[in-house]
Amino acid sequence: MQRLNYLAGVGAIALINSVAQPAIAQAAYGSYVGVGPAVGLSRDADGDGRQLGGAIAVRYKILEAPFSLRTQAFIGDNTAVVPTVSYDVPLSWQTDAYIGAGIVFTNGNTPSPVGDRVSFALQPGIDYVVPNSNTVIFGNAVIAFDAFRNGGGNAISIQGGVGLRFR
């Protein structure tokens with residue numbers, strides 16, 4: 001009788017394990033606002049564009065979907081705003097990698113870290129939440145295509161910083 005109870009218990013555990021859905025990692029954080037440095041690496045035909053500036057980053061996580069709405073504001077010799085929609089891939093409970101697509105909006109005639117004209121942009125990046133806190137460390141690149149008025153060309157900016165979760 002003991003063997004029968006033992007076999008029934010093992011069989012029940014095996015049945016539960018075969019029916020249960022596998023766990024899918026989701027990052028343990030949501031939306032945040034952050035600040036940090038930005039480095040524009042590209043130059044237009046006149047040699048302008050390479051510069052050091054600041055970045056303000058905002059991420060709004062769409063609940064239970066692998067998408068986020070993101071915006072980066074660049075402050076340098078000129079300003080630019082880059083709203084994107086990103087596809088987020090959780091790497092662990094604290095880390096997400098993502099790729100976003102959006103539009104660069106610039107102000108004025110001097111280049112910002114991402115160029116000086118309205119253009120299409122890609123934004124690969126990574127977010128890491130510090131365990132047991134509301135602190136997020138972020139890093140990304142913005143690649144703007146045909147971003148300069150004088151001579152076209154692409155602009156690349158790399159930025160990173162620290163953010164504060166709000167949801």
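**Close-up 1. D146 and R117 pair up in a salt bridge.** Here the closest N and O atoms of D146 and R117 sit 3.7 Å apart. Keep in mind that this is a predicted model. D146 is found in the loop between β7 (135-145) and β8 (155-165), while R117 is in the loop between β5 and β6 (119-129), so the bridge ties together parts that are 29 residues apart in sequence. How accessible are the two partners? D146 has a relative accessible area of 38%, and R117 comes in at 29%. Since buried means under 20% and exposed means over 50%, D146 counts as partly exposed, and R117 is partly exposed as well.

**Close-up 2. R59 meets D88 in a salt bridge.** The side chains of R59 and D88 come together with an N to O distance of 3.0 Å. This one links distant parts of the chain: R59 belongs to strand β2 (residues 51-61) and D88 to strand β4 (residues 79-90), with their positions 29 residues apart in sequence. Both R59 and D88 are buried.

**Close-up 3. R59 also forms a salt bridge with D96.** For this pair, the N to O distance is 3.4 Å. Again distant parts of the chain are linked, with R59 in strand β2 and D96 in strand β5 (residues 95-107), 37 residues apart. Are these partners buried or exposed? R59 has a relative accessible area of 0%, so it falls under the 20% cut-off and is buried. D96, at 3% relative accessibility, counts as buried too.

**Close-up 4. D146 turns up again, this time around S119.** S119 has its place in strand β6. With a relative accessible area of 6%, S119 is buried, because buried means under 20%. What does S119 touch, leaving aside its neighbours within four places in sequence? Its contacts are G102, I103, V104, A144, F145, D146 and A147. So a buried serine is in contact with D146, the residue that forms a salt bridge with R117.

**Close-up 5. Stepping back to the salt bridges as a set.** How many salt bridges does the structure hold? There are five. Two of them have already been shown: R59 with D88, and R59 with D96. The pair D146 and R117 is another. Which residues do shared partners join into one network? They are R59, R70, D88, D96 and D127.

Definitions and conventions: Residues are numbered from 1 along each chain as its sequence is written. This is a predicted model: local features need pLDDT of at least 70, side-chain atom pairs count only at pLDDT 80 or more; totals for chains, interfaces and linings use all residues. Side-chain values use heavy atoms; hydrogens and water are left out. A salt bridge is a side-chain nitrogen of Lys or Arg within 4 Å of a carboxyl oxygen of Asp or Glu. Helices (H or I, at least four residues) and strands (E, at least two) are DSSP runs, numbered from the N terminus. Buried means under 20% relative accessible area, exposed over 50%, partly exposed in between (1.4 Å probe, protein chains only). Contact means heavy atoms within 4.5 Å.
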